[in-house]
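Colleague: I would like a close look at one residue and then at the parts around it. Please keep it plain, as I am new to reading structures.

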Amino acid sequence: MHDRLPDAAAVPFNGRATVKDVFYCFRLLLGRYPNREEWRGHAGRAGEMLHGVVESYLDSRECALRYPPRLQAGEVLLTDYPGFRIYSAADDASVGALVRGGAYEAEVSALFRQILQPGMAVLDLGANIGFFSLLSAALVGPAGAVFAVEPNARNTRLLEASRRENGFANITVLQVAAGSAHGLLVLNTSYSNGTTSALPDGAAAVLGSETVPAVRVDALLPADRRIDLIKIDVEGAEYTALLGCEATIRRHRPVIISEFSPGLMPGISGVQGTDYLAWLSGLGYALSVISPDGPHRADSAGVMHAHAASGSDHIDILATPEPR
C-alpha cells in the first residue's frame, strides 16, 4: 500500500540528517539532481541537524529564484503620477499614505519642476520610497541621472521596484546611509520613515540594534558627473550627511532643497539648527523658506522664525548658490 510508512519510520529520529535526507532535500527544494562535482560537499552535511540543512537550502539563491516571493493582494499598491508610477506598502501610514493621496509635498514638487531640465543630475539623500527620485528621473530624462541614497531595505525594495516599473535606467539606488565618515550607524524606523544614530555603547546594545552602512557620498558619485540638485530629508541628520558630500557641493554648487528639523539636529547631527544654517551660508548659499506660494528669501533668524511659526516639527528650505 502506498500509504504505508517505511520500516525505518519505526526507528526513533534523532534530528540529524542522513545522506539520503540531504539528497532528497536537494532534489525537492532545488528541483534537480546534484552534479558529481558539488555532491561531495553536500553529502558531507550528513550528521548535521536536519532543520539546519533544510533552512540552508530554503535560504539559497537557487531556491529563491525557483520560488520567488509572491506579494499578497493589497500588500503593495501602485499610484499613478504624471510621468511615473510609484509603489508603496499598503500598511505604510507615513510617506506611503501621503503618496497615495495624489499630491505629495506639492510646494517641493513644484520646485523640482521649475529647476530640473533634461540632462541634469540629482542626488536624493534620504530617498525613502522614491517619490522625488522618480519625479527627478522623469524630468531629467534618459540623458540625466538620479542617485537615490536610502538605508531602509524595505524602502529601497519599493524604490527599485518602482524604478523597474517605470523603466528608469537613469536611477542608481544606493542602499546606504549618508554620513560624514565611512562606518556603521543604527537605523530606527517607523513605517517608511526612520532616523539614524551613532552605535550605542556596549556589545549587548549593538547586538540588539539594526545596523546600516554609512558612507561619505563624495566617494560614491562618479567624478565626471555634475550634480545639479541635492534633495535631503534625513530626519535631523542633514548636517552630517551633507558633510559627507561637501566636496561635491563645493565643486558643482548644486541647488539644495533641505528638510529642516532643528529640534532633531542636536541629538542626531550634534549641532544646533542655527549651526546648520550658518554652515550652508558659509558655503556661499542664500537661504529661502519654501512656502505654498513659492520660496521666500530669509536669513538664519528668519528661517528659525518661520519654523517656530509653522507649528510643525520641520519646514523645507531652499539653498541657492550665491554668485562668486
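Leaving out residues up to four places away in sequence, which residues does Asn 152 touch?

Modeller: This is a predicted model, so everything below is computed from predicted positions. Asn 152 touches Leu 187, Thr 189, Tyr 191 and Ser 192, once residues up to four places away in sequence are set aside. In the chain, Asn 152 sits in the loop that runs between strand 4 and helix 8 (153–166). Is Asn 152 buried or exposed? The relative accessibility of Asn 152 is 8%, and the cut-off for buried is under 20%, so Asn 152 counts as buried.

Strand 4, at one end of that loop, leads to the interior of the model. Strand 4 (145–149) is among the elements that give two or more residues to the largest nonpolar core. That core has 39 residues, and the members that touch the most others are Leu 123, Leu 125, Ile 230, Leu 242, Ile 249, Tyr 276 and Val 303. Other elements that give two or more residues include strand 3 (121–125), strand 10 (229–232), helix 10 (238–243) and strand 11 (255–260). Helix 13 gives the most, with 4 residues. Tyr 276 can serve as an example from this core. Beyond its neighbours within four places in sequence, Tyr 276 is in contact with Ile 232, Glu 238, Tyr 239, Leu 242, Ser 258, Phe 260, Met 265 and Ile 317. There is also a second, separate core of 31 residues, and Val 95, Phe 132, Leu 134 and Ala 148 are among its members.

Strand 10 is worth following next. In a regular strand, side chains point alternately to one face of the sheet and the other. Strand 10 is covered on both faces: Leu 229 and Lys 231 are buried on one side, and Ile 230 and Ile 232 are buried on the other. Strand 3 and strand 10 run parallel and are joined by 4 bridges. Within that pairing, Leu 123 has Ile 230 as its bridge partner in strand 10. Strand 10 also pairs with strand 11 in the parallel sense, over 4 bridges, and here Ile 232 stands opposite Ser 258. Ile 232 and Ser 258 both appear in the list of contacts of Tyr 276 given above.

A sheet of another kind of order can be traced as well. An open sheet of 4 strands has the order 6-9-7-8, and its pairing is mixed. Strand 6 (177–178) and strand 8 (193–197) are the edge strands, each pairing on one side only. Strand 6 runs parallel to strand 9 (residues 211–215), with 2 bridges between them. Ala 178 stands opposite Val 215 in strand 9.

Aromatic rings give another set of links, with 13 aromatic pairs in the structure. Phe 23 and Tyr 24 make an edge-to-face pair, 5.3 Å centre to centre with 75° between the planes. Phe 23 is partly exposed at a relative accessible area of 23%, and Tyr 24 is also partly exposed, at 39%. Phe 23 pairs with Tyr 33 too: the ring centres are 5.7 Å apart and the planes are at 25°, so this pair is stacked. Phe 23 belongs to helix 1 (residues 19–30), while Tyr 33 lies in the loop between helix 1 and helix 2 (36–43), so the pair ties together parts 10 residues apart in sequence. Tyr 33 is exposed, with a relative accessible area of 54%. Elsewhere, ring pairs link Tyr 81, Phe 84, Tyr 104, Phe 112, Phe 131 and Phe 132 into a cluster. Phe 132 is also a member of the second core.

Finally, the whole chain. The protein chain has 14 helices and 14 strands. Its radius of gyration is 25 Å, well over the 20 Å that the globule rule gives for 324 residues, so the chain is more spread out than a compact globule. The C-alpha trace spans about 85 × 45 × 40 Å along its principal axes. Of the 324 residues, 44% count as buried, and Asn 152 is one of the buried residues. Among contacts between residues at least 6 apart in sequence, 70% join residues at least 24 apart. The accessible surface of the chain is about 16,800 Å², and 55% of it belongs to carbon and sulfur atoms.

Notes
Residues numbered from 1 in each chain as written. Predicted model: local features only at pLDDT ≥ 70, side-chain atom pairs only at ≥ 80, totals over all residues. Heavy atoms only, no water. Phe/Tyr/Trp six-rings, centres within 6.5 Å; stacked < 30°, edge-to-face > 60°. Buried < 20%, exposed > 50% of the residue type's maximum accessible area, 1.4 Å probe, protein only. Core = buried A, V, L, I, M, F, W, Y, C linked by side-chain atoms within 4.5 Å. Contact = heavy atoms within 4.5 Å. Pairing = 2+ DSSP bridges. Rg over C-alpha atoms; globule rule 2.2 N^0.38 Å. Areas by Shrake-Rupley, 256 points an atom, 1.4 Å probe, with all protein chains shown as cover.
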